[in-house]
Amino acid sequence: MKTIIFKTASTYLLPILLLFSVFILLRGHYLPGGGFVGGLIASIAYVLHSFANGLDRTKDVIKFHPGFLMPVGLSLSLLSGMAPLLHELPFMTGLWAHDPVPVLGNIGSALFFDIGVYLVVVGVVLTIIFTISESI
Amino acid sequence: MSNQYIIFPVLFQLFTAIVLMFFWTKRTAQKFISMGGSVIALGIAVWLFSTVWNGGIFTMQAGSWQAPFGITFVADVFSSTLVLLTAISGLAVSVFSAGSVRNRRIKFGYFPIFHLLLMGLNGAFLTGDIFNLYVWFEIIIISSFVLLTLGGEKPQIEGSIKYVTMNLLASVIFLTAIAILYGLAGSLNMADLSLKIPEIENQGLVNVTAILFLIGFGIKSAVFPLYFWLPASYHTPPPAISAIFGGLLTKVGVYALFRVFTLIFVPDEFTGNLISWIAVFTILAGGLGALVQTNIRKAFSYLIVCHIGFMIAGLGIYTELAIAGAIFYLIHDITVKTNLFLVSGMIFKIEGTYNMRYMGGLYRSWPKLSLLMAIPLFSLVGIPPLSGFWAKIFLIEAGFRTNEYVVIAFIILGSFLTLFVIARIWAEVFWKKGAELPKKEYVKYFFELRRAKQYAMIIPIVLLSAVTLYIGLGAENIVAVAKVIGADLMDPSQYIEAVLGNSNPTDAP
Amino acid sequence: MELLLAIIVGLLYASGIYMMLRRSLVKLIIGLILLGNGANILIFLLGRIVKGKPPIIEDSAKVLTDIYADPVPQALILTAIVISFGLQAFAIILVKRAYKVVGTDDLDQMNATDEDL
């Protein structure tokens, strides 16, 4: 789309939507939200940007191939899932820090798992959408 | 008993896939990582099998959520045997892929997805939760979709459309069945369901659910009226991929049928008869279909269908001996079918075609290789003392004990059909005088390959043939395993106790 | 509410199967999507619908004593939605590729797998 309003707005919407996606990711443990939804919102931010500015510009903004996020996210999730094994607890048991951190709240292995999910979702969705729109 | 490490076969395959994804563009490195990962996975599977064989059933409650509320992973002898067979076939196919898969396919992520497929298989074998089984099935089919379509030309794409449609339909039916089951029993843990299902008043609805499971798993394991997608798709991808599909994917459906129909729904007379008739017609349809094929891979695809019937027949007879025979057949079939498709890939690399009408004279030009290829071909027929023979003996004996003469007749008929098909392949491909075939530009022939690649194709066939020979010649060990599995499946009280009677204080969060 | 959802589930299954039986590839995919949605609503329906009773335990209590909405079906549906998201994205790309390679979206024309190679 080539309207100037959309183009200008998308430049500002991208950081705001990304920030919002991180917010959704972090509030996900006790409230509605989480890695999957956050990742979808983040990828929608980039999709919106690519609608307004074209695919090549969006790729310049991202700088690396989004597919790279998949192994990074998967390994983060795998490691946080395996962390309890060091304490002789079953796979994926939630480990929690004793003292809450300001702003973020309680930090636990579930948070890192969710961040991994977030990265995987962004990677997968962007790869799918870029592949589809490239081949049109 | 609980053991946190039984999930390692799943996690290690995921780990290998992640490492492979980091080496996305480095093709040679991927081959070595995949082979190395498969060797370590085999080691883990051997460890799991020996632990379970010596120590009984192990469970793991994921996330420390106690059964029946959390997801439970259970390693009994049945699961760990199948994990071991997956690791063996996985290693063979991984080495074969390093020698035969084109660079174009490796570039699109062949190896990471292959290891994700193995992860899904291990997960499906180890889980003790019916919805988790559905999730692993989805991981398996989505990886298999990608492998099937990867870098595909016209026949491959068309084959995969049939495959994708039928498998998605099967998943929806499976999900529907889970929904009704959850509505009826309010639980998803298979051991818990096993206790709750007999107490439900509305047994009619339970039977309907059982039939839905039968249809869902039936599509996946390609039984009689639902098998048409298999011969339409399995001969289209590269041989390494059809090997893992033919060897393991349909067998997950068989595994699920055995698990669900011994643990959750104990077949009544109607369901038992239905399963027997399905088995009979599966044997007949697969055997007759294989007779008319000239493409060797298609003939093998129909033989998969035919031999699924033998295993289902064991479930239909439903005695301890019959189940043990079917399990023996399953163990034999996984190694042999994987090997057969690898052999078909080898024949293609030598001759440049899959059509047996044009081939011939393989025995004259490659005598040693031909003898090697004869091992899987003849153990499929079940010539004593090769592995297929013992499995059929058990099935037939079980049939005589319960007077299921129709099933016996069809098992024997199916064996004769298999014998005929294999004899025809042997005569056409190996003995017949071969004509000079025009060389094809796009095929890279076996003698043109580098030495290392040639060995990468021969070694897996040697490995799997050795396993087949062991199953045949060391049959008493396999029989012992199969009998233990048969006893476990017919009397699930140990399984239920291992999952639910687990109040080890160290597990508590 | 139950009756309405039951009717919707029936309609979704019926129209999904009808669409799957058509010859067009695109309709096949639409049929699969409808079937998947029908199955998701069926899980929701069979998990018993309880209105306005979230399964949250009060600070003072240890267990839930009142009737509560079962959270498990929602977790199952969420998982099923994520899975079908992936599968449908793949199926759509496959259909597009098939249309490019074969040059038609008529399923009756797709019989290259029956020929001898």
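## Buried or exposed?

A residue counts as buried when its relative accessible area is under 20%, and as exposed when that area is over 50%. Keep that cut-off handy while you look around, and keep in mind that this is a predicted model.

Let's try the cut-off on one residue. B:Tyr318 has a relative accessibility of 18%, so it counts as buried. Now zoom out to the whole chain: 68% of the 509 residues in chain B are buried.

## Chain B as a whole

What is chain B built from, in helices and strands? It has 21 helices and 2 strands. Its radius of gyration is 22 Å, close to the 23 Å that the globule rule gives for 509 residues, so chain B is as compact as a globular protein of that length. If you lay the C-alpha trace of chain B along its principal axes, it spans about 70 × 55 × 40 Å.

Contacts tell you how the chain folds back on itself. Take the contacts in chain B with a separation of 6 or more: 81% of them are between residues 24 or more positions apart.

## The outside and the charges

How much area does chain B expose? The figure is about 16800 Å², and carbon and sulfur atoms supply 68% of it.

Then there are the charged side chains. Chain B carries 32 positive and 24 negative ones, and the centres of these two sets lie 21 Å apart.

## Backbone oddities

Here's some background for this part. Most residues other than glycine have a negative phi, and most peptide bonds are trans. The spots below go the other way.

Start with phi. B:Tyr318, the buried residue from earlier, isn't a glycine, yet its phi is positive, near 60 degrees. You'll find B:Tyr318 in the loop between helix 13 (296-317) and helix 14 (320-351) of chain B. Over in chain A, A:Glu88 also has a positive phi, about 65 degrees, without being a glycine. A:Glu88 sits in the loop between helix 4 (69-82) and helix 5 (109-134) of chain A.

## Two cis bonds

Where in chain B do you find B:Pro68? Look in the loop between strand 1 (58-61) and strand 2 (72-75). A cis peptide bond joins B:Ala67 to B:Pro68, with omega at about 5 degrees.

Another cis bond links two prolines, B:Pro384 and B:Pro385, and here omega is about 5 degrees. B:Pro385 belongs to the loop between helix 16 (367-381) and helix 17 (387-401) of chain B.

Notes: Residues numbered from 1 in each chain as written. Chains lettered and ligands numbered in written order. Predicted model: local features only at pLDDT ≥ 70, side-chain atom pairs only at ≥ 80, totals over all residues. Heavy atoms only, no water. Helix = DSSP H or I, 4+ residues; strand = E, 2+ residues; numbered from the N terminus. Buried < 20%, exposed > 50% of the residue type's maximum accessible area, 1.4 Å probe, protein only. Rg over C-alpha atoms; globule rule 2.2 N^0.38 Å. Contact = heavy atoms within 4.5 Å. Areas by Shrake-Rupley, 256 points an atom, 1.4 Å probe, with all protein chains shown as cover. Lys, Arg positive; Asp, Glu negative; His and termini not counted. Charge placed at Lys NZ, Arg CZ, Asp CG, Glu CD.
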